[in-house]
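Please walk through the structure shown here, beginning at the ligand and ending at the empty space inside the protein.

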Amino acid sequence: MQKIVVLTSGGDAPGMNAAIRAVVRTGIYYQMEVYGIEGGFSGLCSGSEMKKFSLGSVAGIIHRGGTILHTARAPEFKEKAMQDQTARRLKEASIEGLVVIGGGGSFCGALALHELGVKTVGIPATIDNDIPGTSSTIGFDTAVNTILDAMNRLRDTATSHQRIFIVEVMGRESGFIALAAGIAGGAEAIIVPEIKPDLEEICRRLLKGIARKKTHSLVIVAEGAASAYDIGKVVQEKTKLETRVTVLGHIQRGGSPSAVDRLLGSRMGAAAVELLRQGQSGVMTALQGDAIVPVPLSVATSGRRELSRDLYEMSGILAM
Ligand code: F6P
């Protein structure tokens, strides 16, 4: 395999740059020509120029959040005609392999190109950590750490005023971010889309905490479960305690990637090139146990990853 292309697609995630760097350097190590396309599938199907990478062109990026290749959500790429045209374009340019760094939506595009005969490997990168078949995605760890930092700050002010804080976090329709940040941050309650919340019980727990002289309470709400403002209203009404709401928003997507995400990005980037060299296609680089293994993109796009009920139950016990 001589010529490969890498792109980033969907929501950016810290650690994407580490993955790009690893694809480029591993490819060049094996004497491949490695190209980058800017703007994800939008760039690819609109015919943007493919830029050839050198070893130096990915220097000084491993610590940077976002993606040097820029990204886009590309609804136009769902159209079959667009996919056919793109596959043709790649073949005409003698591109023998494509690496798609992104989340579930991006992998649907990657799978379509694979089915059209383009050798394609996906690298799971999304802060949501919601892709079936991999125990982790690039960006999740950094986002959770960013939330923990915010929770530490909110706890300071919550303690000073003896207030309840309702904190809304991202995650789309999944509660992985909320559950991880809630447990690691010692939240009093965690609300996720996968499990119907018992608001009466949550309020009882908050009041019990206050009766035990707790000076603060943090409730983490996944965006896919409810609006933090709605939860805040109910909590204030039921507990009669002063309640404030913070929606963390896109702050969760930015920032320098953690060591975990830099390492994961590096390992997955290198593995993607190895898989292409072995002639594999239609797979993603998945983390299973300590190993990076190929898992079919059809699995990765097969619906929602399941949240661990055991972990959720444990979080309730620890928050008592
Ligand atoms: O998928 C990553 C994510 O940050 C989700 O958690 C969030 O719902 C969504 O992207 C926000 O998308 P956008 O940046 O397009 O508003």
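**The ligand and its surroundings**

A polar atom in the side chain of E223 lies 2.5 Å from an oxygen atom of the ligand. This distance, like the others in this text, comes from a predicted model. For R172, an N or O atom of the side chain is 3.3 Å from an oxygen atom of the ligand. In G171 the backbone takes part: one of its N or O atoms lies 3.1 Å from a ligand oxygen. On its own, the ligand has 400 Å² of accessible area, and the protein covers 74% of that.

Where does the ligand sit? The ligand is in the largest pocket.

The three residues named so far belong to a shell around the ligand, which also includes R73, T126, I127, D128, M170, H250 and R253. By type, this shell is made up of five charged, three polar and two nonpolar residues. Two domains contribute to the shell: domain 1 (3–139 + 257–300) and domain 2 (141–253) each supply at least three residues.

Next comes the space enclosed by the protein. Rolling a probe the size of a water molecule over the atoms shows where empty space is left. How many cavities of 30 Å³ or more does a search of the whole structure find? The search finds one. The largest cavity holds about 60 Å³ of space. Its lining consists of E188, R205, L206, K208, G209, R212, K214, S217, A319 and M320.

Terms used. Residues are numbered from 1 along each chain as its sequence is written. This is a predicted model: local features need pLDDT of at least 70, side-chain atom pairs count only at pLDDT 80 or more; totals for chains, interfaces and linings use all residues. Side-chain values use heavy atoms; hydrogens and water are left out. A residue is near a molecule or strand if one of its heavy atoms lies within 4 Å of it. A polar contact is a pair of N or O atoms within 3.5 Å; within protein, one must be able to donate a hydrogen and the other to accept it, and residues adjacent in sequence count only if both atoms are side-chain atoms. Accessible areas come from the Shrake-Rupley method with a 1.4 Å probe; for residues, only the protein chains shown count as cover. On a 1 Å grid over the protein atoms alone, a cavity is a set of points where a 1.4 Å probe fits but cannot get out, and a pocket is an open set with protein on both sides within 12 Å along at least five of seven lines; lining residues have an atom within 4 Å of a point. A molecule sits in a cavity or pocket if more than half of its atoms lie within 2 Å of its grid points. Ala, Val, Leu, Ile, Met, Phe, Trp, Tyr, Cys and Pro count as nonpolar, Asp, Glu, Lys and Arg as charged, and the others, Gly among them, as polar. Domain bounds come from an automatic or database domain assignment. Grid points are joined across faces, edges and corners, and a volume is the space filled by probe spheres set on the points.
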